[in-house]
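Here are a few exercises to work through with the model open beside you. Try each one before reading its solution.

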Amino acid sequence: MPDTPMPAGMADWHIAMRDAARRFAEEEVAPLAVELDESERYPAELYQRLAAAGLFGISVPEELGGAGADVLAYALVMEELSRGYASVADQVGLVELLGTLLTQHGTQEQQDRYLRPLLRAERRCAYALTEAEAGSDLAGLKTRARRKGEGWVLDGAKLWIHNAPVADFAAVLARTDPEAGHRGMSIFLVDLDAPGVTRDRKEHKMGQRASQVGGLRFDNVELPAAALLGQEGRGFHMMMSVLDKGRIGIGALALGILQAALDDSVEYAKQRRQFGQPIGDFQAVQWMIADMAKDAHAARLMVHHAAHMLDAGGRATLEASMAKCFASDAAVQRTADAVQIHGGSGYIRGVRVERLFRDAKITQIYEGTNQIQRMIMARNLMA
Ligand SMILES: Cc1cc2nc3c(=O)[nH]c(=O)nc-3n(C[C@H](O)[C@H](O)[C@H](O)COP(=O)(O)OP(=O)(O)OC[C@H]3O[C@@H](n4cnc5c(N)ncnc54)[C@H](O)[C@@H]3O)c2cc1C
């Protein structure tokens, strides 16, 4: 793959980590992408190799089994893996999010039981927030956990949960005090083989088709006291606190898709000839390629800037929202341009830009839709 511009101020080890992720993406991820997209298969063996390469839990401390790197390293790795195939980056993003929650709020017992095996790819996780009536607005959350003796009983249903068809455990957001609004929500770690847990059917999606998405139902699921992650009533706050990193990750994932579209468009424009010359000689095509490169560069600067802010110990709510929103909007618009540059061949299954176009769309929807990102930006600006 061609090189990408790097902003100043990057440490040598960041570049080494990016290059290692790029090699992994080129050698192990990209060759599987067409097959994974067609088969919608969960590539367990690939995730074991990713974990062995230290790419599960990139910003999780080494003593807990992570790579002990930072958010910038996470963003660099996400871009490269996504350039190989977005579903693989999506899995790394999910592990990073759960890994961060368990690092920040898990007891030692929870870290031994869930975090360490997760980072070794021995156990698979899901992060279950969304419900039929609680999408962008989690105030509609109906899943309920009631105290029973020392423990809890969980009832409710979640939908469109990444990894639900294959996960061993899920972090589930539930109401513990219906009167307390956002302060009445808590997160529980639920083993998905527990009595009363059922998995709804796996969904078939437009893009990122190797990412397994489905529903989870909880009917009178008995949980021990030790299933509560962090403090009772702090679930919404805990979830929000990892969203900056989550959005930086999705921004980087969208950027990887955009960069792949740019790589292919440049190559195609140089070799495809019409009217006796390469189509890259035509200004209409040149401008699409120039806009693609401009957006990829801007998205990279925004993603890296937000990552730097988190690494400096601050929050980056505005910057992470901007980066996620910009990178994903650009990925959707510019992958459509990449299909255009490829003409009819861009519409044919097996030609990479066709898949990139489909893989890009969900980045405008998950981790908070781009309408919600704009709401967050406006609120931050007018606070
Ligand atoms: C492939 C995939 C993977 C997913 N993975 C997970 C997962 O792992 N865990 C999980 O919990 N969830 C997951 N989700 C769910 C995802 O987070 C939600 O789909 C998303 O938050 C949007 O919620 P919704 O679909 O209910 O849309 P809605 O909230 O119903 O929104 C519909 C439309 O209305 C707009 N809208 C809503 N409110 C406003 C407003 N106030 N102002 C302006 N516009 C508004 C939205 O932007 C959108 O365009 C996944 C979804 C998909 C499709």
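**Exercise 1.** Which strands and helix each supply at least two residues of the shell around the ligand?

Solution. Keep in mind that this is a predicted model. Start with the shell itself: 18 residues surround the ligand, and the closest are Tyr127, Thr130, Ser136, Thr369 and Gln371. Now map the shell onto secondary structure. Strand E1 (125-128), strand E3 (151-162) and helix H12 (370-381) each give at least two residues. Finish by sorting the shell by class, which gives 11 nonpolar, 6 polar and 1 charged residues.

**Exercise 2.** Find the N or O atoms of Thr130, Trp160 and His162 that lie close to ligand atoms, and say whether each belongs to a side chain or the backbone.

Solution. Take Thr130 to begin with: an N or O atom in its side chain is 2.6 Å from a nitrogen atom of the ligand. Next, Trp160 uses a backbone N or O atom, 3.1 Å from a ligand nitrogen. For His162 it is again a backbone N or O atom, this time 3.0 Å from an oxygen atom of the ligand. As for cover, the ligand taken alone exposes 970 Å², and the protein buries 63% of that.

**Exercise 3.** Compare Trp160 and Asn163: where is each found, and is each buried or exposed?

Solution. Check the backbone. Trp160 has a positive phi of about 55° without being a glycine, and Asn163, not a glycine either, has a positive phi of about 80°. Then place them: Trp160 is in strand E3, while Asn163 sits in the loop between E3 and strand E4 (169-175). Last, look at accessibility. Trp160 counts as exposed because its relative accessibility is 56%, over the 50% cut-off. Asn163 is at 0% relative accessible area, so it is buried.

**Exercise 4.** Which residues touch the most other members of the largest nonpolar core, and which helix gives the largest share?

Solution. The core has 103 residues, and Leu50, Phe56, Leu81, Leu98, Tyr127 and Ile248 touch the most other members. Helix H8 (residues 243-271) provides the largest share, with 14 residues. Now zoom in on Ile248: beyond its neighbours within four places in sequence, its contacts are Val71, Ala75, Val303, Ala306, Ala307, Leu310 and Ala320. Don't miss the second, separate core of 22 residues, which includes Ala128, Val172, Ala174 and Leu192.

**Exercise 5.** Work out how many residues of helix H11 (residues 352-361) are buried and what they pack against.

Solution. Count down the helix: 7 of the 10 residues are buried, so H11 is mostly covered. The buried ones are Val353, Glu354, Arg355, Leu356, Arg358, Asp359 and Ala360. Their packing partners are helix H2 (33-39), helix H4 (71-84), helix H5 (86-105), H8 and helix H10 (317-341).

**Exercise 6.** Is Gln373 buried or exposed, and what about Gln286?

Solution. Gln373, in helix H12, is buried because its relative accessible area is 0%. A polar atom of the Gln373 side chain lies 3.0 Å from the backbone oxygen of Glu367. Leaving out neighbours within four places in sequence, Gln373 contacts Arg247, Ser321, Lys324, Cys325, Glu367 and Gly368. Gln286 belongs to helix H9 (residues 283-311) and is partly exposed, with a relative accessible area of 37%. Not counting residues up to four places away in sequence, Gln286 touches Gly280 and Asp281.

Notes
Residues numbered from 1 in each chain as written. Predicted model: local features only at pLDDT ≥ 70, side-chain atom pairs only at ≥ 80, totals over all residues. Heavy atoms only, no water. Near = heavy atom within 4 Å. Polar contact = N/O pair within 3.5 Å; in protein donor to acceptor, adjacent residues only side chain to side chain. Areas by Shrake-Rupley, 256 points an atom, 1.4 Å probe, with all protein chains shown as cover. Helix = DSSP H or I, 4+ residues; strand = E, 2+ residues; numbered from the N terminus. Nonpolar A, V, L, I, M, F, W, Y, C, P; charged D, E, K, R; others polar. Core = buried A, V, L, I, M, F, W, Y, C linked by side-chain atoms within 4.5 Å. Buried < 20%, exposed > 50% of the residue type's maximum accessible area, 1.4 Å probe, protein only. Contact = heavy atoms within 4.5 Å.
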